[in-house]
Amino acid sequence: MIKGITRGLIVSLLAVIFSVQGVYAEPAAFSQQSATGYTLEFPSSCYPETGAHIRDAIAAGHSAVCTIDRDGAEENRKESLKGYPTKKGYDRDEWLMAMCAEGGAGADNRYISPSDNRGAGSWVGHKLDEYPDDGTRVKFIVK
């Protein structure tokens with residue numbers, strides 16, 4: 001109990017310190033959650049194709065939680081896109097993302113427009129930049 005209170009206090013203090021310095025993630029996008037680590041609200045209004053893909057993949061049984069593992073991204077991408085050929089005018093979007101430990105073989109794939117896919121990838125990458133590869137878990141919620 002005390003450990004949880006102490007952790008919450010430390011996180012709150014760091015949030016205050018970082019927000020003063022402009023480092024802390026926007027409260028609307030991220031929130032602390034004990035079971036998963038963090039929650040990221042994905043803006044489907046900005047990236048509708050990617051948002052629909054994430055929502056559909058989660059509804060089909062794929063995890064909503066990404067355990068950050070950037071070192072495994074190249075191998076995961078290779079495995080997740082194996083047998084899913086390129087298609088002129090489209091990007092191949094995979095859920096879970098290659099940077100997630102849960103990604104790779106068995107990922108849900110969908111062809112989507114390059115602008116939506118790359119914009120969403122940039123947005124997510126920017127939001128997760130500050131988080132280490134030490135097993136940080138982020139739950140995605142499509143808004």
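This short talk walks through the fold of one protein chain, its nonpolar core and the pairing of its last strand. Please keep in mind throughout that what we are looking at is a predicted model.

Let me begin with the overall layout, where the protein chain has 4 helices and 6 strands, and where, if you read along the sequence, these elements follow the pattern α-β-β-α-β-α-β-β-α-β. The chain has 143 residues, of which 38% count as buried, and its accessible surface comes to about 8300 Å², with 56% of that belonging to carbon and sulfur atoms. If we take the contacts with a separation of 6 or more, then 74% of them are between residues that lie 24 or more positions apart.

Now to the inside: which residues of the largest nonpolar core touch the most other members? That core has 23 residues, and the ones to look for are Met-97, Leu-128 and Phe-140. Strand E2 (37-42), helix H2 (48-59), helix H4 (114-128) and strand E6 (137-142) each supply at least two residues of this core, and the largest share, 4 residues, comes from H4.

Finally, I would like to stay with E6, which has a covered face made of Val-138, Phe-140 and Val-142, while Arg-137, Lys-139 and Ile-141 make up its uncovered face. E6 runs parallel to E2, to which it is joined by 5 bridges, and within E6 it is Lys-139 that stands opposite Thr-39. Strand E3, residues 65-67, is also joined to E6, here by 3 bridges and in an antiparallel arrangement, with Arg-137 of E6 as the bridge partner of Thr-67.

Definitions and conventions: Residues are numbered from 1 along each chain as its sequence is written. This is a predicted model: local features need pLDDT of at least 70, side-chain atom pairs count only at pLDDT 80 or more; totals for chains, interfaces and linings use all residues. Side-chain values use heavy atoms; hydrogens and water are left out. Buried means under 20% relative accessible area, exposed over 50%, partly exposed in between (1.4 Å probe, protein chains only). Contact means heavy atoms within 4.5 Å. Accessible areas come from the Shrake-Rupley method with a 1.4 Å probe; for residues, only the protein chains shown count as cover. A nonpolar core is a set of buried Ala, Val, Leu, Ile, Met, Phe, Trp, Tyr and Cys residues joined through side-chain atoms within 4.5 Å. Two strands pair if DSSP finds at least two bridges between them.
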